[in-house]
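Below is a short briefing on one protein model. The points are grouped by topic and follow the display of the sequence and structure.

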Amino acid sequence: MKKDASSKTGLFLIELIAMILLFALCSAVCMRIFSSAKTLSDDSRALSNSSLVAQSAAECFKATGSLDETADIMEGELKDGRVLVFYDKDWQNTENLENARFYLDISSASKLIDPEAVDIKVLECGSSEEIFSIKVKAVDYEY
């Protein structure tokens, strides 16, 4: 009788260990899925906000036709013929470069192709990869 009870206990422990391993494997897969979903969500948020910022800058430039006035409206700085506006992780304007996570770069397009156009790019600080970019030409409202 004792031999039968100990074999059932051994079988129960093996089943318990197998279930714990299966649970650990499933939880590892779920954690990886949650991690990739968070990354995808952050990338999507960055693309959405960068397109809004770039469109706002485009409308400002189209209305004013001037990098100086666009820099004032966008609360950025004009440096070497480029407007730079820095944003923190929550897409709030920041003047402190250490707190900046993204930046808006408005620069004159190629003078040979179109002298009145500007390139508007939104980039992540520390990366040369553009999140969003558009080319804009100032509108002449003469009637």
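Met31 is exposed, because its relative accessible area of 56% is over the 50% cut-off. The residue sits in helix α1, which covers residues 2-64. The model is a predicted one.

**Nonpolar surface patch**

- Met31 is one of the residues that form a nonpolar patch on the surface, together with Met19, Leu22, Leu25, Val29, Ile33 and Phe34.
- The area of this patch is about 750 Å².

**Overall make-up**

- The protein contains 2 helices and 5 strands.
- Their order along the sequence is α-α-β-β-β-β-β.
- The protein has 143 residues, and 27% of them count as buried.
- The exposed area of the protein is about 10,300 Å², and 58% of it comes from carbon and sulfur atoms.
- Taking the contacts between residues at least 6 apart in sequence, 33% are between residues at least 24 apart.

**Loop between β2 and β3**

- Strand β2 spans 82-87 and strand β3 spans 102-108, and Thr94 is placed in the loop between them.
- Thr94 has a relative accessibility of 16%, so it falls under the 20% limit and counts as buried.
- Apart from neighbours within four places in sequence, the contacts of Thr94 are Phe86, Tyr87, Asp88, Asn99 and Ala100.
- Trp91 is located in the loop between β2 and β3 as well.
- The relative accessible area of Trp91 is 11%, and the residue is therefore buried, being under 20%.

**Positive phi values**

- Most residues other than glycine have a negative phi.
- Trp91 is not a glycine, yet its phi is positive, at about 65°.
- Glu75 also is a residue other than glycine with a positive phi, in this case near 60°.
- Glu75 belongs to the loop that runs between α2 (67-73) and β1 (77-79).
- Is Glu75 buried or exposed at 59% relative accessibility? Glu75 counts as exposed, because 59% is over the 50% cut-off.
- Of these two residues with positive phi, Trp91 is buried, whereas Glu75 is exposed.

Methods:
Residues numbered from 1 in each chain as written. Predicted model: local features only at pLDDT ≥ 70, side-chain atom pairs only at ≥ 80, totals over all residues. Heavy atoms only, no water. Patch = residues over 30% accessible without salt bridge, like charges linked within 9 Å, V, L, I, M, F, W, Y side chains within 5 Å. Areas by Shrake-Rupley, 256 points an atom, 1.4 Å probe, with all protein chains shown as cover. Salt bridge = Lys/Arg side-chain N within 4 Å of Asp/Glu carboxyl O. Helix = DSSP H or I, 4+ residues; strand = E, 2+ residues; numbered from the N terminus. Buried < 20%, exposed > 50% of the residue type's maximum accessible area, 1.4 Å probe, protein only. Contact = heavy atoms within 4.5 Å.
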